[in-house]
Amino acid sequence: MTNPPEEFLLAYQDSCAGLTLLLIHGFPLNSNLWEPQMEDLRDVARVVAPDLRGHGLSAPGDEPYSVRLMAEDCMQLLEAVGAQDPVVVCGHSMGGYIALEFFRQYPEWVDALILVSTRATADSDEARQKRDETAQRAKDEGVPLVAREMLPSMLAPNNHEHTPELLEFVRDMMESTSLKGMVGALQAMKERPDSMPTLPEIDVPVLIIHGEDDQLIPVKDAEAMRDALPTAELVLIPGAGHLPNLEQPVSFNEVVWDFLESLSEEEEG
Ligand code: MLT
């Protein structure tokens, strides 16, 4: 039990008094993505996982979406939950784009970064055009259709047959995204800046995690980030596609656990 701060009436229980771990999900998912991490990492960190605007239970809002706006939302959430110290920011895919923007906007709030199944480059012209086509299809034919089309590329091919429940879990998350959230996130990703020039400026520990069989973002994009980041470690997870934290939660959590412990040790010593 934590004693109440002077200006606050209520005492409260928190999973851990140590580091705060902010988990930012990818597209078009929600905080349920992090179910195995909420379970297993709460003994080593306070785990905070938002539903980004328009995703999961969060309202879509009225402003045009950008990675900057989504990073601002995350900062407001940290203030709302009373975070006092810099946090470990972990972003999956689109969440990684937001994590890098968060670092640009609030470097003093970043204790370390974990970049999962993501890349630092901006969209190519071809990718931008595809974002527009996907947004149009979502408007014309609905979110579930786009979700169903995208679903097969989310998991490593082997995991499709072996884990039908997992596939269903991911499909439910995707289908629950609001139309405004899906279209807004596509716009934000399309317009996101190139983060490659940011990488050499990152002066905090960075852990990069990537599924060996990622069909959406190739491993070479993770290697390019590692090469541009002097302090980064890259861990490839075998038997995992775009969602290594769900496909191989034990290996994923072990890697993150060790990283968080090394941060705590550094801070104590
Ligand atoms: C994601 O998983 O967040 C997206 O697929 C990333 C992207 O489309 O660039």
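Here are some numbered notes on this chain, which is a predicted model.

1. Overall build. The chain's secondary structure adds up to 11 helices and six strands. The radius of gyration is 18 Å, close to the 18 Å that the globule rule gives for 269 residues, so the chain is as compact as a globular protein of that length. If you want a box for it, the C-alpha trace spans about 55 × 40 × 40 Å along its principal axes. As for burial, 51% of the 269 residues count as buried.

2. The cis peptide. Have a look at the bond from F27 to P28: it is cis, with omega near -20 degrees. P28 sits in the loop between β1 (20–24) and α1 (35–40).

3. S93 and its backbone. S93 is not a glycine, yet its phi is positive, at about 55 degrees. You'll find S93 in the loop between β3 (87–92) and α3 (94–105). Its relative accessibility is 8%, and buried means under 20%, so S93 counts as buried.

4. S117, another one for the Ramachandran check. Here phi is near 45 degrees, again a positive value in a residue other than glycine. S117 belongs to the loop between β4 (110–116) and α4 (125–141). Is S117 buried or exposed? With a relative accessible area of 0%, S117 is buried.

5. Y65 and what it faces across the sequence. Y65 is in the loop between β2 (46–48) and α2 (67–80). The relative accessible area of Y65 is 6%, so this residue is buried. The C-alpha atoms of Y65 and E191 are separated by 9.5 Å, with the two positions 126 residues apart along the chain.

6. Salt bridges, starting with K190 and D132. The structure holds 15 salt bridges. In one of them, the side chains of K190 and D132 meet at 3.0 Å, N to O. K190 lies in helix α8 (residues 179–190) and D132 in helix α4, so this pair ties together parts that are 58 residues apart in sequence. The two partners are covered to unlike degrees: K190 is buried, with a relative accessible area of 17%, while D132 is partly exposed at 37%. As general background, side chains of opposite charge can pair when their charged atoms come close.

7. K220 with D221. This salt bridge has an N to O distance of 3.6 Å. The cut-off is 4 Å, so the pair at 3.6 Å qualifies. Which way do the two side chains go on accessibility, buried or exposed? K220 counts as exposed, at 57% relative accessibility, whereas D221 is buried, with a relative accessible area of 14%.

8. D227 with R226. These two form a salt bridge in which the closest N and O atoms are 2.9 Å apart. D227 is exposed, with a relative accessible area of 59%. R226, at 32% relative accessibility, counts as partly exposed. Elsewhere, R53, E63 and D73 are joined into one network by salt bridges that share partners.

9. P164 set against D221. P164 lies in helix α7 (residues 164–175). The relative accessible area of P164 is 43%, so the residue is partly exposed. How far apart are P164 and D221 in space? Their C-alpha atoms are 28 Å apart, with a sequence separation of 57 residues.

10. The acidic patch. A negative surface patch is made up of D85, E233, E254, D258, E261, E265, E266, E267 and E268. Where does the largest share of this patch come from? Helix α11 (residues 249–268) supplies that share, with seven residues. One of the members in helix α11 is E268. E268 has a relative accessible area of 70%, and exposed means over 50%, so E268 falls in the exposed class. If you set up electrostatics for this model, these are the residues that form the negative patch: D85 and E233, together with the others named above.

How values were computed:
Residues numbered from 1 in each chain as written. Predicted model: local features only at pLDDT ≥ 70, side-chain atom pairs only at ≥ 80, totals over all residues. Heavy atoms only, no water. Patch = residues over 30% accessible without salt bridge, like charges linked within 9 Å, V, L, I, M, F, W, Y side chains within 5 Å. Areas by Shrake-Rupley, 256 points an atom, 1.4 Å probe, with all protein chains shown as cover. Lys, Arg positive; Asp, Glu negative; His and termini not counted. Charge placed at Lys NZ, Arg CZ, Asp CG, Glu CD. Helix = DSSP H or I, 4+ residues; strand = E, 2+ residues; numbered from the N terminus. Buried < 20%, exposed > 50% of the residue type's maximum accessible area, 1.4 Å probe, protein only. Rg over C-alpha atoms; globule rule 2.2 N^0.38 Å.
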